[in-house]
Amino acid sequence: QVPKVVSAGFDLKKAAVAAIPAAAIASPAFALESVIEALPTNTLALEVQAGAYLAILLGTFLPVLFLINLFVQTESRKAGKAGGQDSD
């Protein structure tokens with residue numbers, strides 16, 4: 001005898017219908033609305049701390065003052081070597 005070919009018995013529609021309750025059970029305990037409510041509002045997100053201003057100012061002015069001081073020292077040494085008006 002020749003064996004009969006039996007279909008696999010897998011139906012995609014039945015699998016999708018069976019997966020819908022499983023997806024509802026596997027959903028997280030909190031809803032998307034609670035996540036959105038936990039996010040900061042625009043007014044809170046745009047607030048800047050006072051320390052940030054201090055960090056920007058010091059991070060800008062200290063290197064600039066160092067470079068200005070370095071330039072002045074270099075130019076005064078050049079003038080001293082040349083024997084100009086400012087030489088000792």
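This is a short group-meeting talk on one predicted model of a protein chain.

Okay, hi everyone. Since this is a predicted model, let's start with confidence. The mean pLDDT of the chain is 74, and 53% of the residues reach 70 or more. Which helix comes out lowest, and which highest? Among the elements, helix α1, residues 12–26, has the lowest mean pLDDT, at 61, while α4 has the highest, at 93. Keep this in mind: where pLDDT is low, the predicted coordinates should not be read in detail. I'll spend most of my time on α4.

First, the overall layout. You can see four helices and zero strands, so to speak just α-α-α-α when you read along the sequence. Now, how many of the 88 residues count as buried? The share is 0%. The accessible surface of the chain adds up to about 8600 Å², and carbon and sulfur atoms account for 68% of that.

On to α4, which runs over residues 50–82. Is the helix as long as its residue count suggests? With 33 residues at 1.5 Å each, α4 should span 48 Å, and its end C-alpha atoms are indeed 48 Å apart, so the two agree. Right after α4 comes G83, and its phi is positive, near 80°.

Next, have a look at the surface. There is a nonpolar patch there, with L54, F61, I68 and F71 among its members. Together, the patch residues have about 960 Å² of accessible area. Let's pick out F71, which sits in helix α4. Is F71 buried or exposed? It's exposed, because its relative accessible area is 52%, and the cut-off for exposed is over 50%.

Last stop: charges. How many salt bridges does the structure hold? One. The partners are K78 and E75, and their closest N and O atoms are 3.7 Å apart. Why can these two pair up? They are three residues apart in helix α4, so about one helical turn separates them. As for their surroundings, K78 is exposed, with a relative accessible area of 52%, whereas E75 is partly exposed, at 35%.

So, to wrap up: α4 is the element with the highest mean pLDDT, and the salt-bridge partners K78 and E75 both belong to it. Thanks, everyone!

Note on methods: Residues numbered from 1 in each chain as written. Predicted model: local features only at pLDDT ≥ 70, side-chain atom pairs only at ≥ 80, totals over all residues. Heavy atoms only, no water. Salt bridge = Lys/Arg side-chain N within 4 Å of Asp/Glu carboxyl O. Helix = DSSP H or I, 4+ residues; strand = E, 2+ residues; numbered from the N terminus. Buried < 20%, exposed > 50% of the residue type's maximum accessible area, 1.4 Å probe, protein only. Areas by Shrake-Rupley, 256 points an atom, 1.4 Å probe, with all protein chains shown as cover. Patch = residues over 30% accessible without salt bridge, like charges linked within 9 Å, V, L, I, M, F, W, Y side chains within 5 Å. Expected span 1.5 Å × (residues − 1). pLDDT = per-residue confidence, 0-100.
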